[in-house]
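Reader: I'd like a close look at one part of this model, the spot where the ligand sits. Could you walk me through it slowly?

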Amino acid sequence: MSLIECRNLTRTFKKGAATITPLQDLDLDIEAGAFVALMGPSGSGKTTLLNLIAGIDRPTAGGLKIDGKEISALTRGQLAAWRSEYIGYIFQLYNLVPVLTAYENVELPLLLHPLSRRERHAKVAKVLELVGLSDRHDHFPRQLSGGQEQRVAIARAIVADPKIIVADEPTGDLDGPSALAIMDLLSRLNKEMGKTLLMVTHDPKTAKYAHRTVYLDKGKLFADPAQAVAELESVAGGKEASHAGA
Ligand SMILES: Nc1ncnc2c1ncn2[C@@H]1O[C@H](COP(=O)(O)OP(=O)(O)O)[C@@H](O)[C@H]1O
Ligand SMILES: [Mg+2]
């Protein structure tokens with residue numbers, strides 16, 4: 001049994017008179033402990049798929065089993081509780097709360113759990129140390145670099161020890177060195193802490209950190225990473241002579 005099992009997963013949106021179906025009868029299996037990159041053109045439904053797996057959105061049709069449980073059958077309230085146990089979400093633009101310090105941002109998800117202040121402190125300090133920001137507890141997001149903000153966001157995503165981390169273009173807004181640091185950190189979460197990772201990226205170099213790449217286009221998934229990279233590079237229009245697929 002895979003940790004994540006999508007079966008005939010379909011999501012339809014109504015936009016005025018038009019109906020958009022970014023995901024159509026999609027099948028995807030992700031094993032526990034896997035690190036999967038999800039690529040595909042803009043608007044192909046990558047965020048939609050992440051949101052379904054994260055329990056933020058619900059499928060129009062099809063099944064979505066996680067850890068043996070059919071999450072599409074949960075009520076909204078059940079889904080919120082399930083999410084706080086299973087999912088850590090990392091966004092491209094960090095989504096930190098600007099009026100809260102790094103410490104308070106990371107503490108937020110723990111407020112949904114029955115923990116004492118002291119227990120929360122131990123967990124928050126531990127993950128801020130893990131992401132290399134022990135000396136930034138009292139900094140506000142505006143006082144941090146983009147790379148540091150994303151490290152706070154990663155600390156927030158893992159503080160409640162979820163099984164699954166979903167990341168939506170986590171390095172999309174970062175310079176090269178900061179992006180590398182974030183990818184090293186995500187790799188460690190996978191290798192050392194056993195987190196199952198599903199990451200959307202446009203960058204073949206970033207995708208190489210994953211064990212497997214799936215490519216989403218026109219509602220369908222392609223399994224072949226070489227094909228995914230080749231298609232993306234042709235879409236990029238050969239902006240640079242890339243050897244990333246070699
Ligand atoms: N809440 C929504 N309401 C209406 N249309 C949506 C909604 N979310 C996404 N879409 C549409 O679904 C398609 C896929 O979007 P998205 O999953 O964000 O793509 P990607 O992340 O691959 O760029 C797009 O055409 C987008 O406009
Ligand atoms: Mg997206």
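Which residues surround ligand 1?

Author: Happy to, with the reminder that this is a predicted model. Ligand 1 is surrounded by Phe13, Lys15, Ile20 and Pro22, together with the run Pro41, Ser42, Gly43, Ser44, Gly45, Lys46, Thr47 and Thr48. Sorted by class, that shell has 6 polar residues, 4 nonpolar ones and 2 charged ones.

Now for where those residues sit. At least two shell residues come from each of β1 (4-15), β2 (18-30) and α1 (46-53). The helix α1 gives the largest share, with 3 residues.

Next, the polar contacts. On the backbone side, an N or O atom of Gly43 lies 2.7 Å from an oxygen atom of ligand 1. Ser44 also takes part through its backbone, where an N or O atom is 3.2 Å from an oxygen atom of the ligand. With Lys46 it's the side chain that does the job: one of its N or O atoms is 2.8 Å from an oxygen atom of ligand 1. As for how covered the ligand is, on its own ligand 1 would expose 560 Å², and the protein buries 64% of that.

To put the site in context, here's the rest of the chain. Its secondary structure adds up to 8 helices and 10 strands. The radius of gyration is 18 Å, close to the 18 Å that the globule rule gives for 246 residues, so the chain is as compact as a globular protein of that length. Along its principal axes, the C-alpha trace spans about 50 × 45 × 40 Å.

You may also want to know about the empty spaces. The second largest pocket has a volume of about 460 Å³. It is lined by 17 residues, and the closest to its centre are Ile87, Tyr89, Pro109, Leu112 and Arg156. Two or more lining residues come from each of α2 (76-86), β6 (87-90) and α5 (146-158). By class, the lining of this pocket splits into 12 nonpolar, 3 polar and 2 charged residues.

Then there's the matter of enclosed space: the structure holds 1 cavity of 30 Å³ or more. The largest cavity has a volume of about 40 Å³. Leu52, Gly55, Asp57, Arg58, Pro59, Leu64, Ile71, Ser72 and Leu79 line it, and by class they come to 5 nonpolar, 2 polar and 2 charged residues.

Terms used: Residues are numbered from 1 along each chain as its sequence is written. Chains are lettered from A and ligands numbered from 1 in the order in which they are written. This is a predicted model: local features need pLDDT of at least 70, side-chain atom pairs count only at pLDDT 80 or more; totals for chains, interfaces and linings use all residues. Side-chain values use heavy atoms; hydrogens and water are left out. On a 1 Å grid over the protein atoms alone, a cavity is a set of points where a 1.4 Å probe fits but cannot get out, and a pocket is an open set with protein on both sides within 12 Å along at least five of seven lines; lining residues have an atom within 4 Å of a point. Grid points are joined across faces, edges and corners, and a volume is the space filled by probe spheres set on the points. Ala, Val, Leu, Ile, Met, Phe, Trp, Tyr, Cys and Pro count as nonpolar, Asp, Glu, Lys and Arg as charged, and the others, Gly among them, as polar. A residue is near a molecule or strand if one of its heavy atoms lies within 4 Å of it. A polar contact is a pair of N or O atoms within 3.5 Å; within protein, one must be able to donate a hydrogen and the other to accept it, and residues adjacent in sequence count only if both atoms are side-chain atoms. Accessible areas come from the Shrake-Rupley method with a 1.4 Å probe; for residues, only the protein chains shown count as cover. Helices (H or I, at least four residues) and strands (E, at least two) are DSSP runs, numbered from the N terminus. The radius of gyration is taken over C-alpha atoms; the globule rule is 2.2 Å times the number of residues to the power 0.38.
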